[in-house]
Amino acid sequence: KKVMQVPGEDEGISSYRITEYWNYDVKRDVDFEERMKTLYYDLLRLRCFHSLLPGFKNKVLEDLKEALDAIPKQLLEIHQTRGGDKQEDKLNSPTVMSKEVWSALGFEEYLDGIKLFLSLYEHLIERLNVFLEVFEQVTESIKHSKHIVLFYDGVDSPDAKGGNQTISDEKRKKYESRYCEDMKEDYEHLMLSSISNLFVNKFVNLLKKRSDEIKSIPVTQFKELEELKSSILESIEKSMGQECATLRSLKLDQSKTFLHEFHVKRCNKISMLVENENWSLAEIPDEVRKILKAIYNISSHTLSATALSTSTISDDSVDSSTLQPAHKGFKIVGTMVILVRLINEYLELERQHPSFSNEIASKLVEVLKLYNSKSCQMVLGAGAIHMTQLKSITATHLSLSSQSLSLVLSLLPCIKLYFAQSSNADQSWVVSEFEKTEQDYLAHKTEINNKLA
């Protein structure tokens, strides 16, 4: 009944057996679970399970790296089935290494690659969990069964110090339970942390490869990428049992960079359009009238997803150059048409990324204030005479500018309500910022009216 010392040859055979099982089809092999239980028990009884874990871990990581290296090849196949593009020759070039494919692919294929990445991780964790669950069943059986014995009297006892020592059944079970728990914790920690850390490093590198491109992609693609990043982050943190600070930090940084670039482009656009505005009556596209109706229909933040889907708004017969919110007609200039579209883009961005509600609200306020100050310079300050071909600022120009300001003033209560009811927004701050913007617009409008008088 003394402990059986495991010779090196037997250890090698056991190591081969446990790694060999990794390649089995665990779902179709009906005897897999029973054979794994027998193997686990033997390894625990012979005290060689812990020494074999590194070998098993290396086998799993080796297979994982091989699977990750195969993703670029799958991406090329996807790329070719879609007909390819001007990058096809570049992608198939023998000088292009697997890691370079990630940088060479179009963004659509890049997103496909991240989907494959997520699928591979989830499949691997699911497979590993089968091994862990069987091991847990074995350790629980050992801890609670009187008929399964790991430790025997004598040198096999954890308290033995070179001589024979008799231990009680109660004490033996205590030793066995502690031993099984230690092995289970080591097994889970070593395997899950090794796999998850490898995936985190690979995924972080994939995101960094396209950082310059990510900050300027369309909102729809950024939304899809954010959803994929969130899914991978959730899966990894669930497996690790803790937050992944590295991935969370990169995700946050990329989101902030994207938001900054999104905002800078729209500020530059509004600034350029106002400076080149001829302050004449603009035709209003149906799309813009639908956007306005959607914004006016916002009664709460929870309804915004439906309200902002302009394709669901019915198209009433309205004069294409006159907007009639709240039964009051507004005639506006061309830049205001663009501003309405931009307002809707910010609302859509907040709906897709509610965690940045305060930042988006702040940047929308900046856009609105920019239009207000620029239009004041161009009309009241007569800057349009120097920037455009206008010979003078007429009453018509003043009136159209005033009507455009009135349109924004009619939208502000709805926009304020939208952001104020976001669960992630600082309500008092949001209300205060939009009220300040409202006062600026009213003051500007009063100056125009005084000028007209």
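**Exercise 1. Place Val 60 in the fold and work out whether Val 60 is buried or exposed.**

Start with the address: Val 60 sits in helix 3, residues 49-81. Helices here are DSSP runs of H or I with at least four residues, numbered from the N terminus. A quick word on the model before going on: it is predicted, so local features need pLDDT of at least 70 and side-chain atom pairs count only at pLDDT 80 or more, while totals for chains, interfaces and linings use all residues. Residues are numbered from 1 along each chain as its sequence is written, and side-chain values use heavy atoms, with hydrogens and water left out.

Next, accessibility. Val 60 has 1% relative accessibility, so Val 60 counts as buried (buried is under 20% relative accessible area, exposed over 50%, partly exposed in between, with a 1.4 Å probe and protein chains only).

Then look at the company. Skipping neighbours within four places in sequence, Val 60 is in contact with Trp 22, Leu 124, Met 191 and Ile 195; contact means heavy atoms within 4.5 Å. Also, the C-alpha atoms of Val 60 and Ser 194 are separated by 9.4 Å, though these residues are 134 apart along the chain.

**Exercise 2. Find the residues that touch the most other members of the largest nonpolar core.**

A nonpolar core is a set of buried Ala, Val, Leu, Ile, Met, Phe, Trp, Tyr and Cys residues joined through side-chain atoms within 4.5 Å. The largest one has 122 residues, and Tyr 187, Ile 195, Phe 199, Tyr 371 and Phe 419 touch the most other members. Helix 6 (residues 107-144) gives the most to this core, with 17 residues.

Now zoom in on Tyr 187. Not counting residues up to four places away in sequence, Tyr 187 touches Tyr 40, Phe 49, Leu 53, Phe 56, Phe 131, Leu 132 and Phe 135.

**Exercise 3. Glu 277 is buried: which side chain of opposite charge is nearest, and what polar contact does Glu 277 make?**

First, find the loop: Glu 277 lies between helix 10 (245-275) and helix 11 (286-296). Now check the charge. Glu 277 has no salt bridge, and the nearest side chain of opposite charge, Arg 341, is 11 Å away. (Lys and Arg count as positive, Asp and Glu as negative; His and the chain ends are not counted. A salt bridge puts a side-chain nitrogen of Lys or Arg within 4 Å of a carboxyl oxygen of Asp or Glu.)

What Glu 277 does have is a side-chain polar contact with the side chain of Thr 335, at 2.5 Å. That term means a pair of N or O atoms within 3.5 Å; within protein, one must be able to donate a hydrogen and the other to accept it, and residues adjacent in sequence count only if both atoms are side-chain atoms. Beyond neighbours within four places in sequence, the residues in contact with Glu 277 are Val 333, Gly 334, Thr 335 and Thr 388.

**Exercise 4. Work through two of the salt bridges.**

The structure holds 16 of them. Take Lys 37 and Glu 33, whose side chains meet at 3.5 Å, N to O. Being four residues apart in helix 2 (residues 32-45), they are separated by about one helical turn. Lys 37 is partly exposed at 25%, and Glu 33 is partly exposed at 35%.

Then take Arg 351 and Glu 348, with the closest N and O atoms 2.8 Å apart. Both lie in helix 13 (residues 334-352), three residues apart. Arg 351 is partly exposed at 29%, whereas Glu 348 is buried at 16%.

Technical notes:
Helix = DSSP H or I, 4+ residues; strand = E, 2+ residues; numbered from the N terminus.
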